[in-house]
Amino acid sequence: MSFYKFGPKLVPISHSFFKSSLSYALVNLKPIVPGHVLVCPLRVVERFKDLQCEEVNDLFQTAQMVSKVVEKYYNCTSCTIAVQDGQEAGQTIPHVHVHVIPRTAGDFLNNDQVYAELQNHDKEFDFGDDRKARSSQEMEEEAKLLTKFLVDENK
């Protein structure tokens, strides 16, 4: 089995649904809402300020494309795009990553609640809510669906 490095963790490539020359997109272990995915540079870089210009360009072009895909696939009207850059900003994995979170009207009681959810969503083994971490099989299935959708959309 092949993997991408995600900070100190190894993520099966089968959990990914897109790869560019410098970035990849993967489904989330514990999404805040259906379709909450991540976009990461291939190179393991802890902080945004340490990315090369080409990596920043590719990362955000990929995030833009991924946001269009998840918004359409999950029939949403908006996306929250977020980067938690550093531990004090809530970053729990020491690898730059962009959260792409599809949104619909009324998905949170208070619109900014998404940031509180994001702050706490992936604290290891201390999730603090009713959402359960997904199985590898569930993640692979979502990645396959998004890959197929992406291919079909680009025909």
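How many aromatic pairs does a search of the whole structure find? In this predicted model, the search comes to four such pairs, and two of them can serve as a way into the fold.

In one pair, the ring centres of Tyr73 and Tyr74 lie 4.9 Å apart with their planes at 75 degrees, so these two rings meet edge-to-face. Both residues are partly exposed, Tyr73 with a relative accessibility of 30% and Tyr74 with 21%. Tyr73 also pairs with Phe149, and since the planes of these rings stand at 75 degrees, with 5.1 Å between the centres, this pair too is edge-to-face. Because Tyr73 belongs to helix α1 and Phe149 to helix α3, the pair ties together parts that are 76 residues apart in sequence. Phe149, at a relative accessible area of 18%, is buried, because the limit for that class is under 20%. Through these ring pairs, Tyr73, Tyr74 and Phe149 are linked into a cluster.

Phe149 leads on to the helix that carries it. Helix α3, which runs over residues 136-153, has 18 residues and reaches 26 Å from its first C-alpha to its last, close to the 26 Å expected at 1.5 Å a residue. Its buried residues are Met139, Glu142, Ala143, Leu146, Phe149 and Leu150. Why do these residues lie on the same side of α3? They cover an arc of only 130 degrees around the axis, and this is what places them together on one side. An α-helix has 3.6 residues a turn, so residues three or four places apart point the same way. On the other side of α3, Gln137, Lys144 and Lys148 are exposed. The cover over the buried residues of α3 includes the strands β3 (16-19), β4 (23-27) and β5 (37-41), together with helix α1 (53-73).

From here the path leads to the nonpolar interior. The largest nonpolar core has 20 residues, of which Phe17, Val37, Val39, Val66 and Val100 touch the most other members. Two or more residues of this core come from each of β4, β5, α1, β7 (98-103) and α3. When its neighbours within four places in sequence are left aside, Val66 is in contact with Phe17, Ala25, Val37, Val39 and Val100. There is also a second, separate core of eight residues, and among them are Tyr4, Phe6, Tyr24 and Cys40.

Charged side chains add a further set of links, for a search of the whole structure finds six salt bridges. In one of them Glu55 is joined to Arg43, with the closest N and O atoms 2.7 Å apart; this pair links distant parts of the chain, since Glu55 lies in helix α1 and Arg43, twelve residues apart from it, in the loop between β5 and α1. Glu55 counts as buried at 7% relative accessibility, whereas Arg43 is partly exposed, with a relative accessible area of 39%. Another salt bridge brings together the side chains of Asp107 and Arg103, at 2.8 Å from N to O. Here Arg103 is the buried partner, with a relative accessible area of 6%, while Asp107, at 26%, counts as partly exposed.

A further salt bridge returns the reader to helix α3. Glu142, one of the buried residues of that helix, has a relative accessible area of 10% and forms a salt bridge with Arg134, the closest N and O atoms being 2.7 Å apart.

Terms used: Residues numbered from 1 in each chain as written. Predicted model: local features only at pLDDT ≥ 70, side-chain atom pairs only at ≥ 80, totals over all residues. Heavy atoms only, no water. Helix = DSSP H or I, 4+ residues; strand = E, 2+ residues; numbered from the N terminus. Expected span 1.5 Å × (residues − 1). Buried < 20%, exposed > 50% of the residue type's maximum accessible area, 1.4 Å probe, protein only. Arc of directions from axis to C-beta. Contact = heavy atoms within 4.5 Å. Phe/Tyr/Trp six-rings, centres within 6.5 Å; stacked < 30°, edge-to-face > 60°. Core = buried A, V, L, I, M, F, W, Y, C linked by side-chain atoms within 4.5 Å. Salt bridge = Lys/Arg side-chain N within 4 Å of Asp/Glu carboxyl O.
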